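Got your viewer open and a selection box ready? Let's walk through this one stop at a time.

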Amino acid sequence: MSHQHTPADRLAEVREFFAPRAADWDARFPDDGPAYAAAVGDLGLRAGDAVLDAGCGTGRALPALRAAVGPTGTVLAADATPAMLAAAIRADRHRDAALALTDVTRLPLRDGCLDAVFGAGLISHLPDAEAGLRELARVVRPQGRLALFHPVGRAALAARKGRPITPDDLRAEPNLRPLLARSGWRLTSYADRDTRFLALAVRQG
């Protein structure tokens, strides 16, 4: 009997991938801080906003997110891998956010409670990208914002992994735009160059 690849299987694979890499993750990419801060800047947060870092990893975006929303704002950070959250705590980034060990495709949040979501390297790790993006849309208010970010572009990332870019890459604009539209988002800006991948979208409705 053939085994169906379920979202639970995908979640387990994501945890298996990241758990052994968590301890030295930041050391492997020591120069990414300014790129994260610039991407958070482009998200257009205001003082007092509520923002979620979805798939926060070691929390590299959290200081910039906290600075953007200020002391009156709310910063939530969700990740499915305990070792990544432990690394965020070791790096003292839990001071900037409330950390939650949770699957970002099933968030324990009420509808429309957030102003924005930041997702670094997120989309390729979602068990079901459309369902995951729809869940993020659920927890964001109408006209709220989404940033899908990676500190290097698709070509540079593929080269790093020794693979070519494939036409079915979800992050390619012709794939991402309709994917976001089906999930409750409208793509408003798209950048894919060696030093940055950043897609910004607005919550429809």
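Start by selecting G119 and L148: L148, in β5, is the bridge partner of G119. Bear in mind while you click around that this is a predicted model.

Now widen the selection to the two strands, β4 (residues 114–120) and β5 (residues 140–150). They run parallel, and six bridges join them.

Next, bring up the rest of the sheet. In what order do the strands sit? Reading across, you get β3-β2-β1-β4-β5-β7-β6, an open sheet of seven strands with mixed pairing. Colour β3 (98–101) and β6 (185–193) differently: these stand at the edges with a single partner strand each, so one side of each has no neighbour in the sheet. From one strand to the next, the twist averages 15°.

Then add the helices that pack on the sheet. Select α5 (residues 82–90), which touches β2 (74–79) and β3, with its direction at about 160° to that of β3. After that, pick α8 (residues 173–182): this helix touches β5, β6 and β7 (196–203), and its direction makes about 155° with that of β6.

Time for the aromatics; the structure holds four aromatic pairs. Show Y36 and F118 as sticks. Their ring centres are 6.3 Å apart and the planes meet at 45°; that angle falls between the 30 and 60 degree cut-offs, so the pair is tilted. Y36 belongs to helix α3 (residues 33–42) and F118 to strand β4, so to speak a link between distant parts of the chain, 82 residues apart. Are these two buried or exposed? Both Y36 and F118 are buried. Add F149 to the selection as well, since ring pairs link Y36, F118 and F149 into a cluster.

Move on to Y190 and F197. Here the ring centres lie 5.5 Å apart with the planes at 90°, so this pair is edge-to-face. Try colouring by accessibility: F197 is buried, with a relative accessible area of 3%, whereas Y190 counts as partly exposed at 23%.

Finally, zoom out to the whole chain. Its secondary structure comes to eight helices and seven strands. Of the 205 residues, 48% count as buried. Switch on a surface and you're looking at about 9900 Å² exposed, 55% of it supplied by carbon and sulfur atoms. If you draw a contact map, take the contacts between residues at least 6 apart in sequence: 66% of them join residues at least 24 apart.

Terms used: Residues numbered from 1 in each chain as written. Predicted model: local features only at pLDDT ≥ 70, side-chain atom pairs only at ≥ 80, totals over all residues. Heavy atoms only, no water. Helix = DSSP H or I, 4+ residues; strand = E, 2+ residues; numbered from the N terminus. Buried < 20%, exposed > 50% of the residue type's maximum accessible area, 1.4 Å probe, protein only. Contact = heavy atoms within 4.5 Å. Areas by Shrake-Rupley, 256 points an atom, 1.4 Å probe, with all protein chains shown as cover. Phe/Tyr/Trp six-rings, centres within 6.5 Å; stacked < 30°, edge-to-face > 60°. Pairing = 2+ DSSP bridges. Axes fitted to C-alpha atoms, helices over the stretch in contact; angles between N-to-C directions.
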